[in-house]
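Subject: Structure for you to look at

Hello,

Here is the structure I promised to pass on. Please have a look at it first, and then read my notes below.

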Amino acid sequence: MSAPRRGSLHLLLCGSAAGLLLVAGCGSSSKTKSTQASTATTAQQAIAPASTSQPSTPATSTVAGLVTVSSAGVTATLHAGTHHPKVNQAWPIRFTVTSAGRPAKASVSYEYLFGGQVVAHRSHYTFTGHFADIFRWPSSAVGYPLTFRAVIVCEGARIDLDYPVQVTA
């Protein structure tokens, strides 16, 4: 397989419908007050939880196109346009992270779930307050019930923002 093009997400499905989903690349980014982490970072390093994780029960709010989770005084919000992105078309997402109502320094990493299991980890970005990214879902993702998970790490709290998607042709 050739190297993935920046700005696209390549998925490979192996085995049966309950088989393993692999993600080979991911989207480009548009950053507001942010700094991209090294792309040489391995997937495991990119999603490593904060070492000072604080126990708490996250409060979750879901509205069409919006997921908000609060934990340990940190609130993270994911804004997405649709749960049914079209293949090879821009699917913009945005994140807002605050602590005590103020923009907070955070990082975001992406996980992809199939059948409730994490099957791939991609990207790692750091930012303060706001971050935006754009994906182009590949044709190999059409019809599969996937979950896009943004893992936000801020002030020792890890927040998972889960957003179910089903790519359409």
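The chain has 14 strands and one helix. Please keep in mind that this is a predicted model. The chain is 169 residues long, and buried residues account for 41% of them. About 8,300 Å² of surface is accessible on the chain, and carbon and sulfur atoms hold 54% of that. I also looked at how contacts are spread along the sequence: taking those between residues at least 6 apart, 58% join residues at least 24 apart.

Now to the inside. The largest nonpolar core has 36 residues, and the members that touch the most others are F95, Y110, I152 and L161. Two or more residues of this core come from each of β6 (66-71), β7, β8, β10 (105-114), β11 (117-128), β12 (130-136), β13 and β14.

F95 is a good place to start browsing. Leaving out its neighbours within four places in sequence, F95 is in contact with Y110, I152 and L161, among others. Its other partners include T77, L78, V108, F127, F131, F148 and A150. G129 and H130 are also on the contact list of F95.

Another residue to visit is A80, which sits in strand β7. Is A80 buried or exposed? Its relative accessible area is 8%, and the cut-off for buried is under 20%, so A80 counts as buried. Not counting residues up to four places away in sequence, A80 touches G65, W91, P92, I93 and Y163. One of these, P92, lies 12 residues from A80 along the chain, and the C-alpha atoms of the two are 6.3 Å apart.

Finally, two spots in the backbone. Most residues other than glycine have a negative phi. N88 is not a glycine, yet it has a positive phi of about 60 degrees. You will find N88 in the loop that runs between β7 (74-80) and β8 (90-99). N88 has a relative accessibility of 52%, so it counts as exposed, the cut-off being over 50%.

Where is the other one, E155? Look in the loop between β13 (146-154) and β14 (157-165). E155 is also a residue other than glycine with a positive phi, in this case near 50 degrees.

Happy browsing, and do write back with any questions.

Best wishes

Terms used
Residues numbered from 1 in each chain as written. Predicted model: local features only at pLDDT ≥ 70, side-chain atom pairs only at ≥ 80, totals over all residues. Heavy atoms only, no water. Helix = DSSP H or I, 4+ residues; strand = E, 2+ residues; numbered from the N terminus. Buried < 20%, exposed > 50% of the residue type's maximum accessible area, 1.4 Å probe, protein only. Contact = heavy atoms within 4.5 Å. Areas by Shrake-Rupley, 256 points an atom, 1.4 Å probe, with all protein chains shown as cover. Core = buried A, V, L, I, M, F, W, Y, C linked by side-chain atoms within 4.5 Å.
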